[in-house]
Amino acid sequence: SRVKMLANCSTSAAVQNGAFSGASSADVDGMVLPGSSGVSRMILNPRMISTFLILDMHTFDFLHAHELVPNENVVSMCVVRFTNEPAPFYCIGTAVPEKDEDQDEKQGFMHLFQWKEGKFTQVFTKEVQGAVYSLCSFNGKLLAAVNNAVAVYEWTESKELSLECQHADLIMCLYLKVKGDFILCGDLMRSLTLLQYKMEGTLEVVASDYQTNWTYAIDILDYDAFISSEEYGNLYTVTRDSSATSDEDLRKLNTMGRFHVGDHINTFRAGSLTMKDNESKLGNQSLLFGTVSGSVGVIITLDKERFDFLWKLQTKLASTVKSIGDIPHHEFRSFCSSGRREPMAGFIDGDLIEMFLDLPSFKMEEVVSGLEMPEGPDRCVPATVDALCKYVEELTRIH
């Protein structure tokens, strides 16, 4: 397909210009905004209008715009291929906010579209009892997070969405990621829950993280390792021990990595910022992340041997490189959230590692003193400045 999807929200309202005095904003049905030269503008009956836009992926020209009804907000979208349907469907999930902002949404919709004969056609709409926070294509079916539930929908012969099964034991499911039959759920407060879809048409809880984390973004590293960001600008990874013998250990996601980024990560995507180097000795798995302030970062996986070496290098650099504000590196990168502080673990600070290249030569000599670099399986050699510079330069080529 040559199209990309985009959702847009704008405010539509009646505007009255003129002097405004003798009344507060509570006296009118609307909002009072300051204007120029002492003149105020009064906006009456503000309405949010969501628009579903289709763009050409090469030129970014607008191909189609579908405007939703007032106050129906787009909160999720995906492309889904249903079993026995040759053409893809474009699905958007919406929420209709309650008048009382403290209440959860009780109404939402899933709208299905198809690109036919050069135009977009809406083919089906299904109402649900809540906000559709996330949508995923899932083994020829549609997976949806609706308030506290994760639901699997199938496309029937009568061209309708039919609920096959659901799991409704979360506080508020905001994010979904899938791999095979496994579904990773990011909850508002309950961190991560791993579900598995069974062939008999049920969703079963495989494991859960029992820590309280306010989730921002999630992703699956492999079938036993998962990554998430949370409200306080931290990253953390959890793993499940699939070889455990007790039910308690099997159903628990254990925290393995903690790292303070200092920014809110709101998306993960598998990919790379550079062309893949087949000769690179670094990990093959690359994960991109984006933050609310506009930063883009890269996370790569490392084998234990390289991780242990870089951890030693990181420790030596932390005592050599002076940080801004003279804040100790281990304190700044510590996992810190509401009422909880834990040391950094399981992550290497790539920004700190790359600072080695900017050190004066005598500082480089201090850093490499006593270090041993991995060279082949179970073999290490004494580090030299030239060898370490080459090693770190290889790291810089991943972004």
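A salt bridge is a side-chain nitrogen of Lys or Arg within 4 Å of a carboxyl oxygen of Asp or Glu. In this predicted model, a search of the whole structure finds 10 such pairs. Three of them are described here, together with the surroundings of one aromatic residue.

Glu164 and Lys141 form one of these bridges. Their side chains meet with an N to O distance of 2.7 Å. Glu164 belongs to strand 12 (residues 161–167), and Lys141 belongs to strand 10 (residues 141–146). The pair therefore ties together parts that are 23 residues apart in sequence. The two partners were also assessed for accessibility. Glu164 is partly exposed, at a relative accessible area of 24%. Lys141 has a relative accessibility of 17%. The cut-off for a buried residue is under 20%, so Lys141 counts as buried.

Lys141 also appears in the surroundings of Phe82. Phe82 sits in the loop between strand 5 (73–80) and strand 6 (89–95). The relative accessible area of Phe82 is 3%, and the residue is therefore buried. Neighbours within four places in sequence were set aside in listing its contacts. The remaining partners of Phe82 are Phe89, Leu112, Gly140, Lys141, Leu142, Trp155 and Leu161. Two of these residues, Lys141 and Leu161, fall within the residue ranges of strand 10 and strand 12, respectively. A separation was also computed between Phe82 and Ser137. These residues are 55 residues apart along the chain, and their C-alpha atoms are separated by 8.2 Å.

A further group of charged residues lies elsewhere in the chain. Arg258, Arg340 and Glu342 are linked in a network of salt bridges. In one bridge, Arg258 pairs with Glu342, and the closest N and O atoms are 3.8 Å apart. This pair links distant parts of the chain. Arg258 is in strand 20 (residues 253–260), whereas Glu342 is in strand 25 (residues 340–342). The two are 84 residues apart. In another bridge, the side chains of Arg340 and Glu342 meet at 2.8 Å, N to O. Glu342 thus takes part in the bridge with Arg258 and in the bridge with Arg340.

Accessibility was computed for each member of this network. Arg258 has a relative accessibility of 14% and counts as buried. Arg340 is buried as well, with a relative accessible area of 17%. Glu342 is partly exposed, at 23%. In this network, then, the two arginines are buried, and their glutamate partner is partly exposed.

Methods
Residues numbered from 1 in each chain as written. Predicted model: local features only at pLDDT ≥ 70, side-chain atom pairs only at ≥ 80, totals over all residues. Heavy atoms only, no water. Helix = DSSP H or I, 4+ residues; strand = E, 2+ residues; numbered from the N terminus. Buried < 20%, exposed > 50% of the residue type's maximum accessible area, 1.4 Å probe, protein only. Contact = heavy atoms within 4.5 Å.
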